[in-house]
Structure formats: C-alpha cells, structure tokens
Amino acid sequence: MLSNQNILTTVDGNNPFIASTHPMADVSGTSQLVALWLHDKTPQSQKSYEADIRYFVGFLLGQDRNQVRLNDLDLRTVTLNDVQAYSDYLEVKGLASATRRRKLAALRSLLKFGQEVDFLRVNVGCKVKLPKRKNDLAQRILSEIQIATMIALTTKVRDKLIIRLLYATGARVGEVELLTWNDIRPNRDGRGQVSLFGKGEKTRTVLIPKQLYDDLVAFGGSCKPDSPVFVSRKFKQPLKHRQIENIVSEAGQRAGIAGKVSPHWLRHSHASHSLDRGCPPQLLQHSLGHQSLDTTSKYAHARPNDSSSLYVMPV
C-alpha cells in the first residue's frame with residue numbers, strides 16, 4: 001500500500017502516475033489546532049473561545065480549567081459520549097441556556113475545523129444539539145428614564161462619556177475599546193461622526209449628537225490623533241473590554257436597576273428607543289452594523305446626514 005499517496009489515471013485508464021497528497025495543515029496537537037482555529041479572530045473572541053475550550057478540557061481531565069494545558073488532551077481521542085457528557089454537565093451545573101449554547105457552539109466549531117484540516121478523522125460534535133436560546137431581549141431593554149439616571153449619577157467625566165457614547169451610537173463594547181481620536185471627526189451642523197470597526201472586520205460611520213461631540217472634543221483636549229479615546233487613569237493604557245463592562249454595571253447599580261447591566265443593554269435600548277421615535281429600520285440596521293451595505297450606499301454613509309443616533313433622546 002502507498003502511504004499518503006493516491007493512484008491517478010488518465011481518462012482512458014492508461015499511464016497511471018503517483019501524486020502525493022498532504023493534509024491541509026501541519027497540526028501536532030490540540031494547542032496548535034486551537035491557535036489555527038482562532039487565527040484572524042478578534043483578541044476578545046480569541047480569549048473567550050479559548051476559555052470555552054479550556055473548560056471542556058478541564059472537564060474531561062478533571063482539572064481546573066485555569067491550570068489545564070490544552071495539549072494534555074488529544075482531541076483525536078474525544079468521542080460523542082464525551083461531548084454528550086459535557087453537555088449534561090453544563091446543564092447540571094445550572095448554567096444559563098445562552099452560556100451552555102456558547103460553550104457547546106465553540107467546541108463544535110473547533111471539532112468541525114479539526115476535521116476540515118484533516119487533524120480529526122470525524123467530527124464527533126456534529127451530533128450534539130445546541131440548547132435553544134431563550135428570548136429574554138425584553139428584559140435587557142432599559143427605559144429612557146433608567147438610562148438618564150445612569151448618566152446623571154455617574155460623576156466621572158470619562159465614565160459618563162462612555163455610557164453616553166454607547167447609548168447614543170449603539171456601539172458594541174469591543175468597538176469602543178478600539179477607538180482612537182482619529183475615529184472621531186466633525187460632520188456638519190456641529191455634529192460629529194465616529195468610525196466603528198466591528199464584527200466581521202467591517203467599518204461603519206455613525207453620527208454623534210452635537211452636545212456629545214462637543215463634550216468628547218473638550219475631553220480629548222490636545223490628545224494625539226492616534227491615541228486611544230478612553231484610557232485608564234493609573235496606567236494610561238486603553239480601557240479593556242472588562243473595564244468598560246464594569247463602568248456600565250456600576251452605573252446600573254447606582255441607578256437601582258435590577259440585574260447586571262452590560263454595554264449590550266445600552267445597544268439594545270438604542271435600537272428599541274430609536275425605532276419608537278420613528279427611525280427607519282434600514283437606517284438602524286446600518287447604524288448597528290447588522291448587515292453590509294450595497295456598494296453604492298458606501299458613499300452615502302461616508303459622511304452621513306442621517307443616523308439612528310439622531311432619533312434617541314439627547315444625552
């Protein structure tokens with residue numbers, strides 16, 4: 001028998017010749033497979049997805065997920081039984097359906113990728129169903145009064161601007177995390193505009209209401225154009241995803257809002273409030289980056305004269 005070789009023939013079956021075949025990727029173990037799988041994903045996504053895989057590895061090996069080494073588990077030995085047992089374990093632990101769904105989806109994605117690059121012979125995760133997602137969106141939409149209270153009770157200028165910007169633009173927390181002063185520019189009629197680099201590595205431009213833009217300019221002062229908009233006071237480093245989440249959560253607590261308010265709650269609230277105030281749905285889709293624009297519309301939105309940010313209350 002020939003190893004890693006195929007016998008190929010001409011159309012008429014004569015003159016056979018040997019052609020070498022190679023696996024799609026050179027993978028030596030689980031750690032390298034995970035690195036290839038995470039390639040080109042955002043830093044935040046890489047961190048989250050790797051944590052989910054470590055959770056699975058820790059479960060199978062009976063170890064702390066924070067101490068486990070990925071190469072301690074050979075994914076080629078994982079069976080459907082293992083993945084089903086893991087699914088049952090997540091449910092027994094009482095994790096929310098959204099959390100269980102995310103962890104299982106990450107594992108299924110890795111196993112599928114492993115088969116596609118010829119590291120795994122079969123994808124044992126394809127037979128595992130994901131938990132249904134509970135539709136609790138209504139619980140995560142704040143009222144205008146609640147948002148106004150969060151802003152009013154936040155005394156630190158930087159933190160207040162973060163909350164106002166998240167709500168006014170409907171930006172994702174990761175998009176705000178990446179902002180530099182180059183991304184914030186004047187538009188027209190005293191307004192500003194912000195370029196958000198978001199999901200799917202797409203950039204969109206959203207208007208900033210005049211008062212918020214003026215306050216951002218005053219806050220930025222003489223900052224260099226390529227410097228981050230929001231930095232930590234102690235280390236002068238860009239605020240990270242978790243730090244922005246804490247700022248919003250603490251503002252929610254001060255406002256007496258039940259539950260842990262996250263930046264995404266402000267995004268949901270932006271969408272709901274702007275539609276209530278008459279924002280066209282297609283405009284909202286552009287502002288939130290839910291779908292790509294047609295080629296011709298890219299020019300219209302380079303310096304937009306309308307945006308869903310103009311339909312929510314001034315902040």
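Select Ser274 to begin: this residue sits in helix α10. The model under view is a predicted one. Display the surface around the residue and ask whether Ser274 is buried or exposed. Ser274 has a relative accessibility of 0% and therefore counts as buried, the cut-off for that class being under 20%.

Next, show the surroundings of the residue. Which residues does Ser274 contact once its neighbours within four places in sequence are left aside? They are Cys279, Leu284, Ser308, Tyr311 and Val312. One of these, Leu284, leads to the next stop, as it is among the residues of α11 that meet α10.

**Helices α10 and α11**

Select residues 263–276, which form α10, together with residues 281–288, which form α11. The two helices pack with their axes 10 Å apart, at an angle of about 160 degrees. Because angles over 145 degrees count as roughly antiparallel, α10 and α11 are placed in that class. Viewed as a crossing, the passage of α10 over α11 is right-handed.

Now show the side chains at this contact. From α10, select Arg267, His270, Ala271, Ser274 and Leu275; from α11, select Pro281, Leu284 and Leu288, which they meet. Colouring these residues by class gives five nonpolar, two polar and one charged.

**Helices α5 and α6**

Move to a second helix pair by selecting residues 144–152 for α5 and residues 157–169 for α6. Here the axes come within 9 Å and cross at roughly 155 degrees. The orientation of α5 relative to α6 is therefore roughly antiparallel.

Which residues of α5 and α6 meet? On the α5 side they are Glu144, Ile147, Met150, Ile151 and Ala152, and on the α6 side Lys160, Ile163, Arg164 and Tyr167. By class, this contact of α5 with α6 contains six nonpolar and three charged residues, with no polar ones.

**The whole chain**

Finally, clear the selection and display the entire chain as a cartoon. Tracing the chain from end to end takes the viewer through 12 helices and five strands. Of its 315 residues, 39% are buried; Ser274, the starting point of this tour, counts as buried.

A contact map adds a further view. Among contacts in the chain with a separation of 6 or more, 60% are made by residues 24 or more positions apart. Switching to a surface representation shows an accessible surface of about 18200 Å² for the chain. Carbon and sulfur atoms account for 50% of that surface.

Notes:
Residues are numbered from 1 along each chain as its sequence is written. This is a predicted model: local features need pLDDT of at least 70, side-chain atom pairs count only at pLDDT 80 or more; totals for chains, interfaces and linings use all residues. Side-chain values use heavy atoms; hydrogens and water are left out. Axes are lines fitted to C-alpha atoms, for helices over the stretch in contact, and angles run from 0 to 180 degrees between N-to-C directions. Helices (H or I, at least four residues) and strands (E, at least two) are DSSP runs, numbered from the N terminus. Angles under 35 degrees count as roughly parallel, over 145 as roughly antiparallel, 65 to 115 as roughly perpendicular and the rest as oblique. A crossing is left-handed if the near helix is turned anticlockwise from the far one by less than a right angle, and right-handed if clockwise. Contact means heavy atoms within 4.5 Å. Ala, Val, Leu, Ile, Met, Phe, Trp, Tyr, Cys and Pro count as nonpolar, Asp, Glu, Lys and Arg as charged, and the others, Gly among them, as polar. Buried means under 20% relative accessible area, exposed over 50%, partly exposed in between (1.4 Å probe, protein chains only). Accessible areas come from the Shrake-Rupley method with a 1.4 Å probe; for residues, only the protein chains shown count as cover.
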